[in-house]
Amino acid sequence: MNRAAEAGDRGGLDGQRYRVIVSTDIGGTDPDDFQSMVHLLVYADVLDIEGLVSSPFGPGRKQHILDVIKCYEKDYRNLRTYSESYPTPGQLRAITKQGETESAPYAGVRESTEGSRWIVECARRADPRPLHVLVWGGIEDLAQALHDAPEILPKLRVYYIGGPNKKWGPDAYQYIADHHPKLWIIEANSTYRGWFNGGDQSGEWDNKEFVKQHIAGHGALGEFFNSKLDAIKMGDTPSVGWLLKGSPDDPTKPGWGGQFVRAWDRPYSVFNRLTTEDDQMEVFGVLELVLPLGDEASGKPTAQLTVENQMLVGHAPGDGTMRFRFCPKAIATYRYAIHSNVAALDHKTGVITAIAPRPEIAWKPSSRFPNWWTDDPLPDFATGEHFGAQTVSRWRLDYLRDFEERLNCTAAPNNAAR
C-alpha cells in the first residue's frame with residue numbers, strides 16, 4: 001500500500017525556511033543525539049535555527065551541544081564556501097541553552113529553566129512564521145513553556161520523538177495532553193525507527209558500512225559522528241527530515257520524517273488496584289495506578305515503584321492514595337514491585353500487558369485533540385512491531401545520499417566558489 005509516490009516539495013531543501021528549536025537529551029543515555037546534532041548542523045544553512053536546548057534525563061548537559069559546535073567550527077570555513085547562509089559558530093553558541101535536568105513531578109511542571117524561557121521568548125517574536133519545536137529528549141521544557149505562557153500555543157508546531165522518551169517523562173506528557181489538547185504536535189512513538197530500521201541496507205547502505213564509507217573521516221563533524229557510534233542510529237533525525245523534504249504543514253502527506261494519522265484519544269489507563277497479567281493497555285499509553293494507602297498510613301507516606309530500569313516515585317495527593325504513572329515503550333509484559341513505608345503497599349507486586357493499537361482505531365480521530373498526529377497503525381507501514389517505520393525507511397537512499405553530499409562539503413572547500 002502506497003499513499004503517495006513522492007515526498008512533497010514544501011521542505012527546507014525546496015526553498016522554504018522554517019524556524020526551529022531543538023530540545024535534546026544529547027550526552028544522556030543514548031549516543032544517537034550526537035549523530036542527529038551533526039546531521040542538523042550540516043543542514044543549518046536551510047533552516048533558521050533559533051535554539052538548541054539541553055533537556056536530558058541523565059548526565060547530558062549544554063556542554064555536549066557545545067562539543068558538536070566545536071567540531072562545526074572546524075568545518076565552518078569549508079561549509080561557508082557552499083552557502084553563505086550557514087550560521088557562525090558564535091551564533092550557534094549564543095542560542096544554546098540549558099533546560100530541565102530532571103523528569104517532571106506528578107504535576108507535570110516544576111519551575112522555569114533557561115531552556116523553557118528561551119522557547120517562550122522565541123515564540124513571542126513578531127515573526128509571522130510558526131516555531132517548530134523538535135523534541136529529541138525530555139518534553140519537560142516544552143510543558144513548562146506552555147504552563148508559563150499558554151498564549152504561545154498557536155505559534156508552536158511540535159515534532160516529538162516519543163517512545164523511550166515518553167517512557168521517561170509521562171508526567172510532563174500527561175500535563176500537555178490534559179491542559180493543552182489543542183497543541184499542534186506529531187507524536188512519533190515508533191515511526192522514527194524507520195531511519196535506521198528497514199529500507200535498502202545492502203552494501204554501502206548498511207548502517208555500519210555507510211558510516212565507514214561515507215561519514216568517518218569526512219570533516220571534523222563526520223569523525224565526531226563516527227566516534228560516538230560507528231553505525232547509523234540517528235533516532236531523532238526524522239524530525240529534521242520532516243522539515244527538509246515533505247509537506248510540513250500536513251502530517252498526513254509523505255516526507256522524509258514519515259507520514260502520520262490524526263490521533264485518537266490519547267490512551268490513558270487508570271487502575272484503582274494492583275494490575276495483573278490479564279490487564280491490558282495500549283503501548284506508548286500512560287498507565288496510572290491509584291492505590292489506597294489503608295488506615296495505617298504514616299503522616300508522610302512515601303513509595304517507589306520499580307519497573308524495568310526505572311524507579312518511579314509515588315505521588316501522595318493527600319486523598320488517601322498513592323499514585324504512579326508509567327509508559328511502556330514496547331509491546332511486552334511488564335512486572336513491577338513497590339517499596340513503601342506504608343504496610344498496605346510495601347513489597348506489593350503487579351503486572352501490566354502492553355498491546356498494539358487496533359488498526360481501525362485510526363478511523364476515529366479525537367475531537368479533543370484536533371491538531372495531534374501519531375504513528376499510522378496499519379500493518380502495511382510497519383517494520384516488525386514498529387508502526388509507521390516504513391513511511392520513513394522508504395526514503396532511505398534519498399536522505400542518506402543527501403547527507404553524504406553534505407558531509408563531503410565539510411572535508412573540502414567548494415572550488416567553484418573561488
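Across this predicted model, a search of the whole structure turns up 15 aromatic pairs. A good one to start with is Y159 and F260: their ring centres lie 5.9 Å apart with the planes at 85°, so the pair is edge-to-face. This pair joins distant parts of the chain, since Y159 sits in strand β5 (residues 156–161) and F260 in strand β7 (residues 260–262), 101 residues apart. From there, the tour moves on to helices, loops and empty spaces.

**Aromatic rings**

- A pair of aromatic rings is described by the distance of the centres and the angle of the planes.
- Y159 has a relative accessible area of 2%, so this residue is buried.
- F260 is at 1% relative accessibility and therefore counts as buried too.
- F225 and F403 form a tilted pair, because their planes meet at 50°, with the ring centres 6.0 Å apart.
- This second pair also links distant parts of the chain: F225 belongs to helix α9 and F403 to helix α12 (residues 396–411), 178 residues apart.
- Both F225 and F403 are buried.
- Ring pairs also connect Y160, Y173, F369 and W372 into a cluster.

**Two helices that pack**

- Helix α9 (residues 219–228) packs with helix α2 (residues 62–80) at an angle of about 145°, and their axes are 6 Å apart.
- On the α2 side, the contact is made by V68, C71, Y72, K74 and D75, which meet G219, A220, L221 and F224 of α9.
- Sorted by class, the residues of this contact are six nonpolar, one polar and two charged.

**Two loop residues with positive phi**

- Most residues other than glycine have a negative phi.
- F284 has a positive phi, near 70°, and is placed in the loop between β9 (280–282) and β10 (286–292).
- H347 has a positive phi as well, near 65°, and is found in the loop between β14 (332–340) and β15 (349–355).
- Is F284 buried or exposed? F284 has a relative accessible area of 12%, under the 20% cut-off, so F284 is buried.
- H347 is at 57% relative accessibility, over the 50% cut-off, and therefore counts as exposed.

**Enclosed cavities**

- The whole structure holds four cavities of 30 Å³ or more.
- The largest cavity contains about 110 Å³ of space.
- It is lined by 15 residues, and those closest to its centre are W264, E282, F284, P357 and D375.
- The lining of the largest cavity is made up of seven nonpolar, three polar and five charged residues.

**Open pockets**

- The largest pocket offers about 470 Å³ of space.
- Which residues are closest to the centre of the largest pocket? Of the 24 that line this pocket, they are S103, A104, D171, L312 and V313.
- At least two lining residues of the largest pocket come from each of α7 (170–179), β12 (310–313) and β13 (321–326), with β12 giving the largest share, four residues.
- By class, the lining of the largest pocket has 11 nonpolar, seven polar and six charged residues.
- The second largest pocket has a volume of about 350 Å³.
- Among the 21 residues lining the second largest pocket, T29, D30, P164, N165 and K233 lie nearest its centre.
- Helices α1 (32–42) and α6 (164–168) each supply at least two residues of the second largest pocket's lining, and the largest share, four residues, comes from α6.
- The lining of the second largest pocket divides into seven nonpolar, five polar and nine charged residues.

Note on methods:
Residues are numbered from 1 along each chain as its sequence is written. This is a predicted model: local features need pLDDT of at least 70, side-chain atom pairs count only at pLDDT 80 or more; totals for chains, interfaces and linings use all residues. Side-chain values use heavy atoms; hydrogens and water are left out. Axes are lines fitted to C-alpha atoms, for helices over the stretch in contact, and angles run from 0 to 180 degrees between N-to-C directions. Contact means heavy atoms within 4.5 Å. Ala, Val, Leu, Ile, Met, Phe, Trp, Tyr, Cys and Pro count as nonpolar, Asp, Glu, Lys and Arg as charged, and the others, Gly among them, as polar. Buried means under 20% relative accessible area, exposed over 50%, partly exposed in between (1.4 Å probe, protein chains only). On a 1 Å grid over the protein atoms alone, a cavity is a set of points where a 1.4 Å probe fits but cannot get out, and a pocket is an open set with protein on both sides within 12 Å along at least five of seven lines; lining residues have an atom within 4 Å of a point. Grid points are joined across faces, edges and corners, and a volume is the space filled by probe spheres set on the points. Rings of Phe, Tyr and Trp (its six-membered ring) pair if their centres lie within 6.5 Å; planes under 30 degrees apart count as stacked, over 60 as edge-to-face and the rest as tilted.
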